Amino acid sequence: MDTTFLSGANAVFLSELYDQYLKNPAAVDPSWAAFFRDLGDDRAELIAELHGASWGATPAGVIGVPDPDPVAPPKGKDKSAKPAAAPTAVDQAAVMKQAEDSIKALALVRAYRTRGHQLADLDPLKLEKNASHPELDIAYHGFTEADMDRQIVLGGVMGFDKATLRQLLDALKVTYCGTIGVEYMHIQDIKQREWLQKRIEPNRNQPAFSLEGKKAILERMTDAEGFEKFLGIKYTGTKRFGVDGGEALIPALEQIIKRSGALGVKQIVIGMPHRGRLNVLVNVMHKPFSALFSEFQGNSPNPDSVEGSGDVKYHLGTSSDRTFDGNTVHLSLTANPSHLEVVDAVVLGKVRAKQDQMGDKDRKQVMGLLMHGDAAFAGQGIIAECFGFSQIKGYATGGTFHVVVNNQIGFTTTPRYSRSGLYCTDIAKMVEAPIFHANADDPEAVVHCARILAEFRQEFGIDVVLDMVCYRRFGHNEGDEPKFTQPLMYKAIEGHPTARTLYAKRLVEEGLFTQGEADGMMSQFMHMMEADFEAASGYKPNKADWLEGAWKGIASMGEEEEFRDDATGADMNILKEVGMAISAVPDGVAVNSKIVRQLKAKREMIETGKDIDWATAEALAYGSLLVEGNTVRLSGQDCGRGTFSQRHAVLVDQETEARYIPLNNIRPGKQARFEVLDSPLSELSLLGFEYGFSLADPSSLTLWEAQFGDFSNAAQMIIDQFINSGESKWLRLSGLVMLLPHGYEGQGPEHSSARPERYLQLSAQDNWQVCNFTTPANLFHALRRQIRRNFRKPLVIFEPKSLLRHKRCVSTLEDLGPASRFQRVIGDSLIKTPPAKVRRVVLCTGKVYYDLLQTREDKGIDDVALVRVEQLYPWPKETIAKELAKYKNAEVVWCQEEPANMGYWTFVDRRIEYALEDIDVKAKRPIYAGRPPAASPATGLMKIHVKEQNQLVEWALNTPPAQIPQPFRRVAKIGKMAAE
Ligand SMILES: Cc1ncc(C[n+]2csc(CCOP(=O)(O)OP(=O)(O)O)c2C)c(N)n1
């Protein structure tokens, strides 16, 4: 707060008054009481200031704060400063009046800074009457009209040493209630508030553009309006989600890129919704007009040789370089699905990965720029999740620039129905972002705000929000009739000149242009587009842009062929070296004694080369990649320790809580970095973020772990829209790994199933890999395979829980060594009975294998073979057929612990049947042995779980086919299975 006028006599007066207020608020004038009460976080500042100013003039402690050292002057004050002379009795009254005016004026200033935006002229349509606020009334602060022309001492506030109340009020209104409304007083950091005050108060927050600047703004407004008009003429009624009404977006984006570029930004990753996207593509990203027109004619954006299912025009991404004043900024607009706002997290992950790649530790070289609709910004929960990343270690990106294209409507819904708060941007206050609202009919104001916020982001590294208040000239899309639902709004819009028309008129009135020149600008643009339109029919895309930069050398559209032999085994010396590092008790770290025991056990595994457990194999996979030069990033809730206390990737010093990461200490300084992050408690944004990270950096193994697999359903949009379909829709490859704890151990409905059925249903066209391993070695190979192949596919792993500590779920070091490989299917190497005599083959995947194995041994069953399908998708059909062909006379059973409508059954049923058709064996169909169909994935009662589990194992190993209940059949049919 500005307190420079608080000196000498004023301070004495105020100190006494405040002292009185503290003792009894009712004893002071109500306006003063309100002032002191509302000081809020400024109170401490005021007290300090008063204390300093009044030192020497009043006894210590007079304002209720004991003086820490009554002899020495308070900190920061000049010891030699002379105490202010006490006022004489004659001028006492005048001084008091003056001080009172000053303080009341200060309260008024504060009210305008805090709430002035409520009177600002933000709505181009002026549909909503500007709200009033009592605190913005001089009467609230104890002034009357009679006070308007009295001089008030202001000591520099609003740039005035002294001013009349009228002058002050005028200045406040111009600054805070023009076509820009500023919200920044919620920011706690005094430096940031002062920076903003200095940036907007001396210039009264008025844009001051040169003739050239104004011309550039008019040109961009012309591009924006002309483009939509042109499309409207050429493709009448075709959906384009025009920016019409919000044309100022285009000059605003130009300003953001230009100013950020001048301040050191080299790359901007952009995310945006449908609204105005085509306009941004051509006018900001400089996608050729003819390329877009060609797409309007129904042609693919990619060369004929490129496969993929494609996407609608207004979802596509692109990249380009833009240069302003010699500063080149690389722009990449991220492709996105219809689902509003989900791309935000993906953009942030990409930004973070690029910052890491460039060593941009200050996060000033790469920036995220997100555009939003007002309804989506207020409504979608991922907005809050993404703001949550703003300042977190491992996820911060140095502040995202948010632009809200606030057309005051969402499809057919008015703001009154779509949010509770005053502004659609209120959510941004959770990170104390400055929020500038600007009237889009005043493009200079919008561009001015863009400039200030770009500077603020670079200075302070936090999110900023530009809320561009506009309107939507047509329906939600160009075929919609908006008057069905908003007749009054659209009546107002009909008669409302375009923002460009208004701006051109203003510049003509300012004498900068003639109307003829302004019109000429538009017709020139239209001619240029007409020429490109003509050229569009011959337009041929000559390259797809998806394997450039960091992706050079990665093959497109790779296939996970069944017999591809990826060299994923690691050098034995490397395995041992990594093993030693991850089992060492580090010097100088007070490791928890239980973990010391675990480390000893780990050391033994490495030394003997035996009994390597799950977590150790996982760490060996990461460690070997690290020494081979690939970074590894693992993020998820509590994944440092591991939900099941199995990983301990971070050792916490028991005395200091310092964190030690063994995997970063294999070859310190000579290995790639391992990043392990306990993430925020969100799924949607987290999975999006890590997917985005994986898009930017194919050489980094990027993993996201769910606390329990089921929780990944909170991130379903990212799974459906990006991970499993991004390659097909947008030719974007990702090697992201999803780790999803899964398995039936009696932990209830949500902690049992990662819902494999969902992933299998989404599997097609080699879009990803879905796996459920039974050996640590297979996990090791699968993780390394992600990096060692020359293509990228996402990998979904159903991670075990009880197997983490299962005695038999272990591998040898040899199983990870140079001669070892990933096994898609694991046949039965334990059975002694000759294959032709085997009565039954049980196919299964994951943990249930160990339940079957145990019971087989316990019951001395020797004629049932157990075959494990380790990779469910891509389905290893030939290997499975080969395995089944060994057992010519056996029945074939699929065993799973999940209910029949879940898990794998509906996915494997036909596939096994087709395998049996292809080979010469007796069995024709697989028999199902598992839980019956169920609404809930698992029981919550342990006793029932155990009973069910024993039953399904019994069915799988022993029960004659006719007696095993088959799902989806009428009861009468049960039992007829074998005959069919
Ligand atoms: C998650 C999600 N829900 C619903 C929709 C359907 N939808 C498309 S646009 C839209 C309105 C968006 O309003 P706003 O965010 O204000 O943007 P505008 O279209 O007004 O620019 C809706 C509901 C969607 N695309 N995504």
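Tyr490 belongs to helix α16, which covers residues 487-494. The model is a predicted one. Tyr490 has 4% relative accessibility and therefore counts as buried, the cut-off being under 20%. The points below take up this residue, then Arg352, the ligand and strand β4.

**Tyr490 and its surroundings**
- Sequence neighbours within four places aside, Tyr490 touches Ile409, Arg472, Arg473, Phe474, Pro482 and Lys483.
- Phe474 lies 16 residues from Tyr490 along the chain, and the two C-alpha atoms are 8.2 Å apart.
- Ile409, one of the contacts of Tyr490, is also among the residues that come nearest to the ligand.

**Arg352**
- Arg352 sits in helix α11, made up of residues 343-358.
- Its relative accessibility is 5%, so Arg352 counts as buried.
- With neighbours within four places in sequence left out, the contacts of Arg352 include the run Gly394, Tyr395, Ala396 and Thr397.
- Arg352 is also in contact with Arg363, Arg633, Glu675, Phe689 and Phe693.

**The ligand**
- There are 15 residues around the ligand, and those that come nearest are Arg275, Ser338, Asp374, Ala376 and Ile409.
- Sorted by class, this shell holds five nonpolar, eight polar and two charged residues.
- Helix α12 (residues 374-379) contributes three residues, the most of any element to the shell.
- Two side chains each have an N or O atom close to a ligand oxygen: for His274 the distance is 3.0 Å, and for Asn407 the distance is 2.9 Å.
- At Ala376 a polar backbone atom is the partner, 2.9 Å from an oxygen atom of the ligand.
- The ligand on its own would expose 580 Å², of which the protein buries 75%.

**Strand β4**
- Strand β4 runs over residues 267-271, and five of its five residues are buried, so the strand is largely enclosed by the rest of the structure.
- In a regular strand, side chains alternate between the two faces of the sheet.
- One side of β4 carries Gln267, Val269 and Gly271, the other carries Ile268 and Ile270, and both faces are covered.
- β4 is parallel to strand β6 (residues 327-333), and four bridges join the two.
- Within that pairing, Val269 has Ser332 of β6 as its bridge partner.
- β4 also pairs with strand β7 (residues 366-373), again in the parallel sense, through five bridges.
- In β7, Leu369 stands opposite Ile270.
- Val269 and Ile270, which take part in these pairings, belong to opposite sides of β4.

Methods. Residues are numbered from 1 along each chain as its sequence is written. This is a predicted model: local features need pLDDT of at least 70, side-chain atom pairs count only at pLDDT 80 or more; totals for chains, interfaces and linings use all residues. Side-chain values use heavy atoms; hydrogens and water are left out. Buried means under 20% relative accessible area, exposed over 50%, partly exposed in between (1.4 Å probe, protein chains only). Contact means heavy atoms within 4.5 Å. A residue is near a molecule or strand if one of its heavy atoms lies within 4 Å of it. A polar contact is a pair of N or O atoms within 3.5 Å; within protein, one must be able to donate a hydrogen and the other to accept it, and residues adjacent in sequence count only if both atoms are side-chain atoms. Accessible areas come from the Shrake-Rupley method with a 1.4 Å probe; for residues, only the protein chains shown count as cover. Ala, Val, Leu, Ile, Met, Phe, Trp, Tyr, Cys and Pro count as nonpolar, Asp, Glu, Lys and Arg as charged, and the others, Gly among them, as polar. Two strands pair if DSSP finds at least two bridges between them.
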